[in-house]
Amino acid sequence: MATLAELWAVWEKISRRRPLVHCITNPVTVNDCANVLLAAGARPFMAAHPDEVEEVQLHADALVINLGAISQLDSIGKAARRAVACGHPIIVDPVGVSASSLRRRSCIELLEEFHVACVRGNGAEIRALLSDTGTAAGVDADEETAAAEVASALARRHGCTVVSSGAVDAVTDGRRAFGVSNGDAMMTRVTGMGCMLSSLLGAAYAVESSPLAAAAVCAAVELSGELAAAGTRSARRGPAHFRDLFVDTLYSLDEAQFMGGAKYSEG
Ligand SMILES: Nc1ncnc2c1ncn2[C@@H]1O[C@H](COP(=O)(O)OP(=O)(O)OP(=O)(O)O)[C@@H](O)[C@H]1O
Ligand SMILES: Cc1ncsc1CCO
Ligand SMILES: [Mg+2]
């Protein structure tokens, strides 16, 4: 089992190496994604024009593709091709694939055409990618077990790591499975927590391309969410305050907080 110290080492490496993370993402959360990357010590570049993405990718260390940028499919394909040629890890956030067949089809094509290092979606999105129809592929009474199993099947199908986020984040490459159970329901009251998580996965994979990197980011994000939610409640504030406090907490997260607070398990 990987230790918490190994996870912290990955998180800490982001601010030492300062990877350049190229994100093709949606207009709803682009600003939040850029800001959390900066807070973690990485360097964001949000570029999506089809005539520039290949050049930008050349200078980057990772590519994050968010299917919310569905109107930029041409750019997504160009950037992915260049990322593969450069050996840069690709992270895919399948936002909305459970509600839009265009997104679902495009995402599956992407996973089939390019080697993707990590797919990060919520439980419904991960399920939709596995099913042939886009509807839920078997719902277990135990939601967490079901999410982990579906994630594992998708990971094996595409030879990638899958992060299925929710109350518990399930991380798996189809062989090893990790769970991170920090977090707070307040994280669902602001848009983009998942998009931010996926962007940070780009930074982590740039410095350590392994499922361990995914577990490290889940632990840092969820623990920051948990601490920021507690701060929000004691200040008697709401989601807008939480959003700012989350960025500040992520920025200042230290080793003692991480080692004392991360709830991580393997198997
Ligand atoms: N009920 C919950 N309790 C604790 N943490 C949660 C809960 N729901 C989500 N989270 C955390 O919030 C983060 C985002 O996960 P979520 O599954 O909500 O993403 P998402 O649906 O893709 O979000 P978005 O599309 O708005 O970006 C993850 O770190 C996850 O662990
Ligand atoms: C609300 C929303 N709609 C499309 S993308 C997005 C951000 C959350 O993923
Ligand atoms: Mg999402």
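In the predicted model, R120 has 31 C-beta neighbours inside 10 Å and therefore counts as buried. This residue lies in strand β5, which spans residues 118-122. When neighbours within four places in sequence are left aside, the contacts of R120 are I91, D93, V163, S165, L197, S198 and L201.

One of these contacts, S165, appears together with R120 in the unreviewed UniProt entry, where both are listed under "binding site". The two positions are spread over 46 residues of sequence, yet they cluster in space, with a largest C-alpha distance of 7.3 Å. S165 belongs to strand β6, formed by residues 161-165, and, because 26 C-beta neighbours lie inside 10 Å, S165 likewise counts as buried. Beyond residues up to four places away in sequence, S165 touches R120, N122, G194 and L197.

Strands β5 and β6 take adjacent places in an open sheet of nine strands, whose order is β2-β1-β3-β4-β5-β6-β7-β8-β9 and whose pairing is mixed. The edges of this sheet are formed by β2 (43-46) and β9 (264-266), each of which pairs on one side only, and the twist from one strand to the next averages 20°. Within the sheet, strand β1 (residues 20-24) and strand β3 (residues 62-66) are joined by four bridges in the parallel sense, and I24 has I65 of β3 as its bridge partner.

Two helices that pack on the sheet can be described in turn. Helix α2, comprising residues 30-39, touches β1 and β2, and its direction makes about 160° with that of β2. Helix α6 also packs on the sheet, where it touches β5 and β6, and the angle between its direction and that of β5 is about 120°. Helix α6 covers residues 123-130 and is largely enclosed by the rest of the structure, since six of its eight residues are buried; the buried residues are G123, E125, I126, R127, A128 and L129.

The surroundings of ligand 2 comprise N26, V28, T29, G68, V95, G96, T191, G192, G194 and C195. By residue class, this shell divides into three nonpolar and seven polar residues, with no charged residue. G194, which is one of the residues around ligand 2, is also among the residues touched by S165, and S165 in turn is one of the two positions that the unreviewed UniProt entry lists for "binding site".

Terms used. Residues numbered from 1 in each chain as written. Chains lettered and ligands numbered in written order. Predicted model: local features only at pLDDT ≥ 70, side-chain atom pairs only at ≥ 80, totals over all residues. Near = placed C-beta within 6 Å. Nonpolar A, V, L, I, M, F, W, Y, C, P; charged D, E, K, R; others polar. Buried ≥ 20, exposed ≤ 12 C-beta atoms within 10 Å, placed from the backbone. UniProt positions renumbered as here; feature names shortened; annotations may be inferred. Contact = placed C-beta atoms within 7 Å. Pairing = 2+ DSSP bridges. Axes fitted to C-alpha atoms, helices over the stretch in contact; angles between N-to-C directions.
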